[in-house]
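Visitor: Could you show me how to read a ligand site and a domain interface?
Guide: Sure, let's look at a case together.

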Amino acid sequence: MANILVVGDGAIGLLFSHFLAKHHAIYILTRKGTVNTRFYSHSNAASEKINATFISQEQLSQTPEFDIVLFTVKAFAVQQAYAQVKPYLGNNTHIILSHNGMGNVEQLNEQLTKQQSLYFLTTSIAGFKSNPNIVQHTGNGQSVLGGCNQLAIQNIQQLSEQLHTIPQLIVSNNIEQLRFEKLLVNIAINPLTALYNIKNGQLRAPQFNSSIINLLTEACHIATALKLNIKLIDALERAYKVMSLTAENYSSMHQDVLHNRQTEIMAICGYISEQGKLHHIATPYNDALLAKILAKKSAE
Ligand code: PAF
């Protein structure tokens, strides 16, 4: 049994906590003080209490050393969350990031000691919080764990065995490629669902086809510049498949805009725009969507 700190009590943090608590001692770092009860709910089954201890920043010093720290906060919040947790990390702590969009891996690797391994966990598990204390598990899918530094690549089998209660967990030796593939799904779905206030499945309507193709075409040019092997046709196929699998769901960005929270747009379309500038590749569709989502947020 390992001591695992889950940083963030959003939908994904609570879903992972629920599954990991079957074998491990779970601590969830939350800004909401010490409300100690959260529930996991799936379809019509009875809700289950998530077997975890909720702690605040001030209580970190009183907890046992963590074997694994899983950051489930949004891309823009990772650096600050890491700075808060850093003094409490053990010499051999496994650090895992799990968020939509790109960024963070290089910056974090620079701050770790030689004994600390860094991993990325992408997931297609879907859920949302129907109120601050209940997470609804609405979709199943693969979760993929990959090593982001040398030590992590060596230790990955052992870590994945510890995390085996996460449904459909597999290991990849090319996590950068997978992150980019997930980025393409998020580019196709998240900003447009937020902008037009629609469910993921509604994006399959013909009126959105050309926007989706243009956005993904630009992103594939960036993938080629980064020497990743991603074809537009495969990116489109994956995006439309996720739209069908999650047809009745609202994307995370839709929910962020609805609740007037900061979105992940900078790590999604913003990443494509930024890479476009670095590689001298025009990205007008991603630039425009980035501006629209930023404007939508600040207009409300
Ligand atoms: O961010 C999300 O909502 C999810 O990553 C996805 C895959 C787009 C499904 O809604």
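We start with the ground rules, then take the ligand and the domains.

Guide: This is a predicted model, where local features need pLDDT of at least 70, side-chain atom pairs count only at pLDDT 80 or more, and totals for chains, interfaces and linings use all residues. Residues are numbered from 1 along each chain as its sequence is written, and side-chain values use heavy atoms, with hydrogens and water left out.

Visitor: Which residues surround the ligand?
Guide: A residue is near a molecule if one of its heavy atoms lies within 4 Å of it. Here that gives Asn100, Lys182, Asn186, Ile189, Asn190, Asn200, Val242, Ser251 and Ser252. Helix 5 (residues 175-196) gives the most, with 4 residues; helices are DSSP runs of H or I, at least four residues, numbered from the N terminus.

Visitor: Which polar side-chain atom lies 3.0 Å from an oxygen atom of the ligand?
Guide: A polar contact is a pair of N or O atoms within 3.5 Å. The 3.0 Å one belongs to Asn190. Side-chain N or O atoms of Asn186 and Lys182 sit 3.1 Å and 3.5 Å from a ligand oxygen.

Visitor: And the domains, how much area is buried between domain 1 and domain 2?
Guide: The size of an interface is often given as the accessible area lost when the parts come together. Buried area uses a 1.4 Å probe and is summed over both parts. For domain 1 (3-172) and domain 2 (177-299), bounds that come from an automatic or database assignment, about 1500 Å² is buried, with carbon and sulfur atoms giving 56%.

Notes: A polar contact is a pair of N or O atoms within 3.5 Å; within protein, one must be able to donate a hydrogen and the other to accept it, and residues adjacent in sequence count only if both atoms are side-chain atoms. Helices (H or I, at least four residues) and strands (E, at least two) are DSSP runs, numbered from the N terminus. Buried area is the accessible area (1.4 Å probe) that two parts lose on being put together, summed over both.
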